[in-house]
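Open the model in a viewer and keep the selection tool at hand. The stops below say what to select next and what is there.

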Amino acid sequence: MIHIHQTSKYYNSSIPALVDVSFKIRKGEFVFITGPSGAGKTTLLRLLFCAERPSSGEIILSGVNISRIKPPAIPALRRKIGVVFQDFKLITTWSVYENVAFPLEVMGTGRKTTRKKVWQALKWVGLLQKKDTLPLCLSGGEQQRVAIARAIVNNPLLLLADEPTGNLDPQLSVDIMKLFRAINARGTTIVVATHNRAMAEQFADTIVSLNRRHSVESC
Amino acid sequence: MNPAKAVIQFRYCIASALNNLRRNLALCLVTTSTIAVMFTICTAMLLVLLNLAAFMDTWADQLQIIVYYNLQATGDDMQRFEDKIAARPEVAHVQHVSPAEALSLLKSALEGQDGILQALPDNPLPASLEIKLRSEYLTTEAVEGFVAGITRGAPVADIEYGQRWLERFTAFFSIARLTCLLLGVFLIIFTYCIIANTIRLMVYSRRDEIEIMKLIGAGSLMVKFPFWLEGALQGACGAVTALVIILGVEKLAMNNLATLLHFYFGSGRYVFLDWPMACGAIAAGALLGLAGSLFAVNRLDAQYT
């Protein structure tokens with residue numbers, strides 16, 4: 001499903017974020033990308049949803065070379081990917097329902113279908129009763145679950161999560177990982193970036209380790 | 001794109017624009033008020049210009065050249081002269097006024113004071129010819145050229161056509177038109193900048209939201225369209241408010257103003273905005289708002305990947 005081939009990313013042409021990274025992810029896999037802070041985990045995820053362009057190398061996603069994708073095609077690609085950001089990136093002036101419904105509205109989904117899917121997603125993450133609440137009135141764990149609901153509401157092919165448990169206590173972290181496991185069981189490929197190696201070993205099908213931005217190992 | 005999906009997305013954009021206006025109500029009200037003030041001034045200037053032009057037309061309709069014959073002119077002289085004048089292409093109508101008719105007109109004009117005229121031994125008034133020109137020849141240059149052309153070798157003592165007044169009014173009208181035009185252009189640019197900067201402020205206050213929308217897969221149009229709509233709506237609302245203000249002032253003051261116009265200019269006719277002009281003003285407001293917001297969100301694609 002994803003083929004990253006000799007991909008490098010330099011900022012300002014000289015500051016390396018990723019150097020010569022190569023690995024493959026199969027459809028339906030639950031993959032953890034681990035490594036210390038600054039190893040390039042977030043950069044790698046940003047390359048996968050086209051928030052960044054690689055300086056060299058190729059990234060093939062479902063047969064599309066996204067390293068050469070033209071800007072107008074990026075929104076369509078992003079609609080096939082669910083992303084859970086480390087800082088949640090919820091729109092604070094919108095209710096939980098509106099935040100989760102947004103990817104469906106972007107796709108032009110009808111009102112009834114949207115409501116049905118949003119309710120399902122919120123039920124899935126256990127937040128249906130908070131659908132009218134503003135994100136800032138929720139706890140960190142709840143905000144993270146809203147972000148997950150938003151990422152899965154349109155049944156994406158791929159779910160990317162950047163440090164999804166970075167701000168959560170251990171019990172909540174395990175709950176979130178179980179949620180990811182359940183989403184993965186429905187057939188969604190999941191890529192989680194985390195520095196928590198123990199968590200990765202507990203839940204991953206595959207672990208990709210980034211070390212000093214360039215060495216990659218899979219196990 | 002699937003038309004049904006496009007309709008849903010369009011509906012979403014409209015709802016989003018209205019929600020954004022509601023959420024930024026204070027900023028929106030300030031912008032709309034500013035636009036309303038600008039449009040009120042522009043519309044008032046337009047009305048002044050239209051009324052000046054209408055007055056010019058009315059006055060031109062009434063303009064006539066009065067040729068006073070000299071006292072030695074015989075009936076044949078006057079007939080030849082009148083035939084010659086009537087044959088000219090500029091002339092719409094000629095009317096001979098005999099000395100007796102002139103005296104009668106003067107008496108009716110001085111009704112109640114005709115004792116003044118009884119002191120005169122004879123009728124001192126000369127025969128005259130009233131000439132009306134066709135509307136296309138009612139310019140200062142054309143009237144002056146016509147007058148210069150008819151006086152050579154004619155039995156004429158004097159010609160009157162309000163030349164000094166005509167020149168002054170034409171000059172005043174030109175200056176008024178230029179002033180209104182310059183002020184109008186300045187106000188339109190000012191309004192455009194106000195709208196553009198307000199939308200930029202809104203974009204800035206919602207930069208996180210825009211970034212998130214783009215990251216989740218919203219296309220460029222879906223992000224920009226609500227801002228365009230907001231600009232157009234604010235412009236149109238400003239123009240409607242301005243029209244309401246102008247209409248209110250018209251209702252309160254125009255009865256008196258019509259009397260004043262009649263008193264000073266001899267014409268009670270004044271021009272006010274009709275439906276096409278009012279619709280045009282609203283469309284202009286919407287277009288101005290749209291132009292301002294187009295400029296404000298022009299660089300969104302470059303700012304947010």
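**A tour in selections**

Select A:Q6 to begin: this residue is exposed, because just 12 other C-beta atoms lie within 10 Å and a residue with 12 or fewer counts as exposed. The model is a predicted one. A:Q6 sits in strand β1 of chain A, residues 2-11. Although A:Q6 is not a glycine, its phi is positive, about 45 degrees.

Next, select A:S62, in the loop between β4 (56-61) and β5 (64-65) of chain A. A:S62 is also not a glycine, and its phi is positive, near 50 degrees. Is A:S62 exposed or partly exposed? With 14 other C-beta atoms within 10 Å, A:S62 is partly exposed.

Now show the whole of chain A. Chain A holds 7 helices and 10 strands, and 45% of its 219 residues count as buried. Of the contacts in chain A between residues at least 6 apart in sequence, 69% join residues at least 24 apart.

Add chain B and look at where the chains meet. Here 14 residues of chain A are in contact with 16 residues of chain B. On the chain B side, α1 (3-23) and α8 (207-216) each supply at least two residues. The largest share, 6 residues, comes from α1(B). By type, the chain B side has 8 nonpolar, 5 polar and 3 charged residues.

Finish on α1(B). Its 21 residues, at 1.5 Å a residue, should span 30 Å, and the end C-alpha atoms are 30 Å apart, which agrees. Within α1(B), the residues B:I8, B:Q9, B:Y12, B:C13 and B:L21 are buried.

Notes
Residues are numbered from 1 along each chain as its sequence is written. Chains are lettered from A and ligands numbered from 1 in the order in which they are written. This is a predicted model: local features need pLDDT of at least 70, side-chain atom pairs count only at pLDDT 80 or more; totals for chains, interfaces and linings use all residues. Helices (H or I, at least four residues) and strands (E, at least two) are DSSP runs, numbered from the N terminus. A residue is buried if 20 or more other C-beta atoms lie within 10 Å of its own, exposed if 12 or fewer, and partly exposed in between; C-beta atoms are placed from the backbone. Two residues are in contact if their C-beta atoms, placed from the backbone, lie within 7 Å. Ala, Val, Leu, Ile, Met, Phe, Trp, Tyr, Cys and Pro count as nonpolar, Asp, Glu, Lys and Arg as charged, and the others, Gly among them, as polar. The expected span of a helix is 1.5 Å times one less than its number of residues.
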